[in-house]
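Visitor: I am new to reading structures, and I would like a close look at a single part of this one. Could you take me slowly through one sheet and the pieces packed around it?

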Amino acid sequence: MSIGAGELTYTEISAQAEALNAAWEQLQQQKDWVAQYIGNEKYEEVIFIGSGSSYYQALTMAATYRKWTGRSAAAYPSSDIFLFREQTLNVNKKLLIVGVSRSGESHEVIIALDSFKDVANWDHCGITCHETSRMAQMTDCLLSPLGKEKSTVMTKSLSSMTFMMQAAIALVAGKPELMAELEQVLALDAALVKKADDVMKDWVQTHEFSRTVFLGMGAFGGLALEACLKLKEMTCTWTEAYGTLEFRHGPKSIIEPGSQVVLMLSESAREFELKVAREMKGYGATVVIITAAAGSDTTFADLVLETGGQSLSDEARSVLYLPWIQYNGYYTAMKLGLNPDDPRNLTQFVEI
């Protein structure tokens, strides 16, 4: 039986609630990994590395780690580790480098982890969806068991891996309230995925844009880059991503009628970020806001997408923003007559 265009991608976006729950259950079996690696205080800094979408989720992982544990963390593209080692990291510090790869086969991640055998101060581990992958064979990995995907673009794999690492970080922080926040995310996710499907299908079918800009800060900075990539991968359209306030310093010159600005709104900087969105509305942009809850301060927007979980931290709530941007890419591709399962020039992982 043949598979229709987009069927794989649609099925995988729609299955992310199950993938999150499976990751949560798997983590309970891998608590020793948490203690040995990201929870081990012998490391002066934790470095998350990945390529493409995996790098963007690494940015969210690092932001969560810094905020929840109060310890040092950073994220870098995998290639920076083996091509620009001294410019990127301090070889004299005791570092843990965490490879992030859906397939566990990304050549850049593999080369990066293999490249510092000569550095006595550095150790490595990873997170993946494939237990038999090259990365899983070369280093100890957290495993998102239902994150495996047949489609090219990352959807449920990214959601589940991000959530799983955040749950591991919550364990490290030793704060029961953070684990309780993530349990609320699990409770919200299934209904939110269905809601995002219905809303974004209608939105895409009834609107046309010449360009789309995604904005986000803090834990949402990396996810804004991921949102941009999802739309670009699936639709080959003009889309960009910026830190929300940074967008005002030059890049806003591209905004005109026909532009769509999607703000992944934090609660931490809500007032400041909404000022930027209002300004873009004044320049003629169509403004979409993804937020925990709408309010009198968001009535100017053309569309407000509510995730719920207003009492949650920005970090815990971050994966709830992903279904909106994933369905946006999917439905835009289908509208354009493109197959999101098989994007132009792309493969599941990149070889060097």
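**The sheet and its neighbours**

Guide: A good place to begin is a single pair of residues, for G216 stands opposite M264 in β8. Please keep in mind that this is a predicted model, and that everything described here is computed from it. The strand β8, residues 259-264, is joined to strand β6, residues 211-216, by six bridges, and the two strands run parallel.

These two strands belong to something wider, since five strands form an open sheet in the order β7-β6-β8-β9-β10, with parallel pairing. At the edges of this sheet are β7 (239-243) and β10 (303-306), each of which pairs on one side only. From one strand to the next, the twist averages 15°.

Helices lie across these strands as well. Helix α11, which covers residues 221-235, lies across β6, β7 and β8, and runs at about 160° to β6. Helix α12, which covers residues 270-282, lies across β6, β8 and β9 (286-291), and runs at about 175° to β8.

Helix α12 deserves a longer look, because R270 lies in this helix while D297 lies in the loop between β9 and β10, so that the pair ties together parts that are 27 residues apart in sequence. The contact between R270 and D297 is a salt bridge, in which the closest N and O atoms are 2.8 Å apart. R270 counts as buried, because its relative accessibility is 11% and buried means under 20%. D297, with a relative accessible area of 24%, is partly exposed.

A second salt bridge brings together the side chains of K252 and E279, at 2.6 Å from N to O. This pair, too, links distant parts of the chain, with K252 in the loop between β7 and β8 and E279 in helix α12, 27 residues apart. Here E279 is buried, with a relative accessible area of 15%, whereas K252 is partly exposed at 24%.

A further salt bridge is formed by D302 and K281, with the closest N and O atoms 2.8 Å apart. D302 sits in the loop between β9 and β10 and K281 in helix α12, and the two are 21 residues apart. Both partners are partly exposed, D302 having a relative accessible area of 35% and K281 one of 31%.

To place these pairs in the whole, the structure holds 19 salt bridges, among them the ones that join R270 to D297, K252 to E279 and D302 to K281.

Notes:
Residues are numbered from 1 along each chain as its sequence is written. This is a predicted model: local features need pLDDT of at least 70, side-chain atom pairs count only at pLDDT 80 or more; totals for chains, interfaces and linings use all residues. Side-chain values use heavy atoms; hydrogens and water are left out. Two strands pair if DSSP finds at least two bridges between them. Helices (H or I, at least four residues) and strands (E, at least two) are DSSP runs, numbered from the N terminus. Axes are lines fitted to C-alpha atoms, for helices over the stretch in contact, and angles run from 0 to 180 degrees between N-to-C directions. Contact means heavy atoms within 4.5 Å. A salt bridge is a side-chain nitrogen of Lys or Arg within 4 Å of a carboxyl oxygen of Asp or Glu. Buried means under 20% relative accessible area, exposed over 50%, partly exposed in between (1.4 Å probe, protein chains only).
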